[in-house]
Amino acid sequence: MAGTETFTFKSEAQQLLDLMIHSLYSQKEIFLRELISNASDALDKLRFEALTDKALKDDAPLRVRVFADPDARTLTVEDNGIGMTRDEVIQNLGTIAHSGTKEFARKVAEVQQGEVTGERLIGQFGVGFYSSFIAADEVTVISRKAGTAEATRWHSKGDGQFDVGAGERDHAGTTVVLHLREADPDNGLEDFTREWKLREIIKRYSDFVQYPIELRTTRKEQPKDDEGNDIEGADAVEVVEWKTVNSMKAIWARNPDDVDAEEYAEFYKHISHDWEAPFETIPLKAEGLFEYRALLFVPDRAPFDLFYRDYKYGLQLYVNRVLIKDRADELLPEWLRFVKGVVDSPDLSLNVSREMLQNDRRVAKIRKKVAKKVVDALAKVQADDRDRYAKFWGNFGRVLKEGVTDFEFADDVKPLLWFDSSHDAEKPTSLAEYVERMKDGQENIYYITGESRAAVEKSPHLEAFRAKGYEVLYLTDPVDEIIVGHLTEFDGKALKSVGKGEVELGTEDEQKAAEEARKQKQEAHASLLEFISNTLDEHIKEVRLSSRLTESPVCLVGDEGDMSPQLQRLLEASGQAAPKQKRILELNPDHPLLARMQGLYDANREDPKLGDFAHLLHGQALLAEGSPLPDPVAFARRVTDLMVGG
Ligand code: ADP
């Protein structure tokens with residue numbers, strides 16, 4: 001057995017501790033919820049392990065015990081769960097168990113600069129165990145891993161260091177002993193040695209925990225004689241009893257009408273480690289041949305790691321109240337990865353493996369129903385309260401959008417999508433709202449993709465649409481490129497890129513007349529256009545006169561099925577081979593620049609300026625849409641020549 005060793009907390013853990021200690025967190029009592037939550041997780045783990053490893057089975061019923069010693073000013077939370085080895089103790093209680101430590105450090109800096117409150121930060125990172133130091137100035141943990149004989153003792157005053165040595169424990173499990181700070185009720189620090197206070201806190205925050213939470217209660221009793229009468233003159237004796245405080249009712253199994261929002265919220269916090277109430281609570285009960293219940297939550301805020309590659313998501317899967325898997329991602333499509341909750345099905349096997357879950361048709365059914373329920377709930381929020389939906393969209397819109405790539409749900413997800421648009425700089429629009437505003441004679445829904453609102457707003461591609469008063473959606477999120485490939489129509493209207501294909505705006509007659517005029521000009525300039533086309537052959541597959549430009553001289557467009565330059569860059573950035581897509585150069589037939597070039601061309605077809613002009617046109621078109629130049633140095637040289645030589 002190793003002796004006692006002293007360790008320093010990993011810096012982010014120490015920062016967190018300092019925040020905990022100095023945070024003005026209004027509900028100081030939540031540390032107890034966090035400790036009970038950890039204990040309950042440890043019991044879940046033991047129960048699950050014992051399903052396959054019978055040696056771990058102990059006759060003792062699984063439970064959490066809470067007891068206070070007012071004289072010593074200690075409060076103890078004890079469980080007979082899975083316990084921890086020495087290494088696990090050092091790892092789990094010395095670092096923050098999250099991948100986002102860098103992110104955390106950044107946030108701590110924000111707190112220090114007063115941009116975010118410590119409370120909010122703590123909530124976002126859900127850092128249970130350390131909250132002990134809100135109430136305690138000294139914490140001792142004694143833990144023994146199930147199936148091992150040795151116990152470990154961890155101790156810290158939260159001052160940068162902790163020490164770890166041998167401990168003693170009769171059974172597997174974990175005991176956390178808090179040495180409480182001086183009570184300070186004015187600042188919310190109650191006397192947590194009071195029985196009634198503890199009972200109240202446990203009831204409020206942990207009623208649904210599925211194991212008994214036993215509180216040690218003491219009362220004075222007058223000794224009685226054989227007939228049950230008090231014995232006169234005898235000293236009262238202290239009777240100690242363990243009383244189960246929580247109802248242990250699985251909240252998802254209850255009738256939703258009988259559960260109030262606060263109970264749901266506490267349960268949500270318990271499973272999600274969030275510190276704030278959920279945005280939406282969605283109970284689900286499936287009956288018939290295959291029965292199950294689910295309780296789903298949409299969080300009120302996006303977690304910091306939602307877009308991390310290794311973001312873990314999924315629902316808790318129970319089989320008849322026994323937790324089988326903590327984050328069963330088989331139960332949720334990835335585009336709903338922000339959803340938290342539980343599914344309980346009595347019909348699944350207790351020993352399901354990952355492969356079985358993935359291949360089980362019933363699991364696929366649950367996933368489908370869960371997704372439908374969430375989508376319906378969101379549609380209702382959108383219909384009932386647009387502002388509230390805006391909040392959801394801000395948090396999770398980028399994830400939900402991916403749902404259009406799921407053919408099973410594309411039609412359900414489309415009405416939930418919001419995009420920025422030329423209609424209103426402040427407010428994004430839904431597709432239905434767009435359709436409602438469509439002009440007479442407008443047949444398609446138009447969009448432009450690009451890097452930012454500012455970049456696309458000024459794009460030459462929009463000119464004809466602006467002139468016509470047609471609204472254009474601004475798709476500026478990188479995933480929009482992928483999304484739009486799946487979003488070919490809405491409500492019978494085709495979605496069309498303003499940068500692809502020919503533009504046909506206005507009534508049929510107007511279109512015909514415009515087309516006729518363009519053809520004539522195209523013929524008049526045919527030789528010049530061919531010259532430009534040959535000059536830019538490396539980048540351009542065609543040069544033609546444009547019907548989409550009213551102000552700018554030039555722009556680049558693609559054919560209907562072509563890859564957009566953004567998508568091309570996206571694929572290249574992700575390391576996928578994307579064949580170079582040649583584009584179409586469109587010139588504004590009414591721009592004086594065209595007339596000038598035609599003049600030069602007619603005077604002397606060999607004029608070296610003509611080649612420079614062609615390259616400059618191409619460069620301008622790239623710059624205007626926010627694309628990089630193939631050869632910036634050559635572009636700069638041509639501009640300089642032009643400025644010098646005129
Ligand atoms: P979280 O619970 O969010 O992971 P905590 O800081 O509360 O973060 O706990 C860190 C880790 O310590 C837990 O993930 C768990 O592995 C371990 N742990 C905490 N309390 C217990 C306990 N009572 N029994 C066993 N392991 C525990």
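**Pocket, cavities and ligand shell**

Guide: Helix α17 supplies the largest share of the lining of the second largest pocket, seven residues. The model is a predicted one, in which local features need pLDDT of at least 70 and side-chain atom pairs pLDDT 80 or more, while totals for chains, interfaces and linings use all residues. Residues are numbered from 1 along each chain as its sequence is written, and side-chain values use heavy atoms, without hydrogens and water.

Visitor: What makes a space a pocket and not a cavity?

Guide: On a 1 Å grid over the protein atoms alone, a pocket is an open set with protein on both sides within 12 Å along at least five of seven lines, whereas a cavity is a set of points where a 1.4 Å probe fits but cannot get out. Lining residues have an atom within 4 Å of a point. The second largest pocket has a volume of about 520 Å³, and among its 22 lining residues V503, L505, A514, S546 and S547 are the closest to the centre.

Visitor: Why is α17 called a helix?

Guide: Helices are DSSP runs of H or I with at least four residues, strands are runs of E with at least two, and both are numbered from the N terminus. The run α17 (508–524) therefore bears a helix label.

Visitor: How many cavities does the structure hold?

Guide: There are four of 30 Å³ or more. The largest has a volume of about 250 Å³, with T449, G499, S564, P565 and Q566 the closest of its 26 lining residues to the centre. Strand β17 gives the most to that lining, three residues.

Visitor: Which domains contribute to the lining of the second largest cavity?

Guide: This cavity has a volume of about 80 Å³, and S40, D44, Q210, H270 and Y318 are the closest of its 14 lining residues to the centre. Domain 1 (5–244) and domain 2 (251–386) each give at least three residues to the lining; such bounds come from an automatic or database domain assignment.

Visitor: How do you know that F129 makes a polar contact with the ligand?

Guide: A polar contact with the ligand is a pair of N or O atoms within 3.5 Å. A backbone N or O atom of F129 lies 2.8 Å from a ligand oxygen atom, so the pair qualifies. The side chains of N92 and T174 qualify too, because an N or O atom of N92 is 3.2 Å from a ligand oxygen atom and one of T174 is 3.2 Å from a ligand nitrogen atom.

Terms used. A polar contact is a pair of N or O atoms within 3.5 Å; within protein, one must be able to donate a hydrogen and the other to accept it, and residues adjacent in sequence count only if both atoms are side-chain atoms. Grid points are joined across faces, edges and corners, and a volume is the space filled by probe spheres set on the points.
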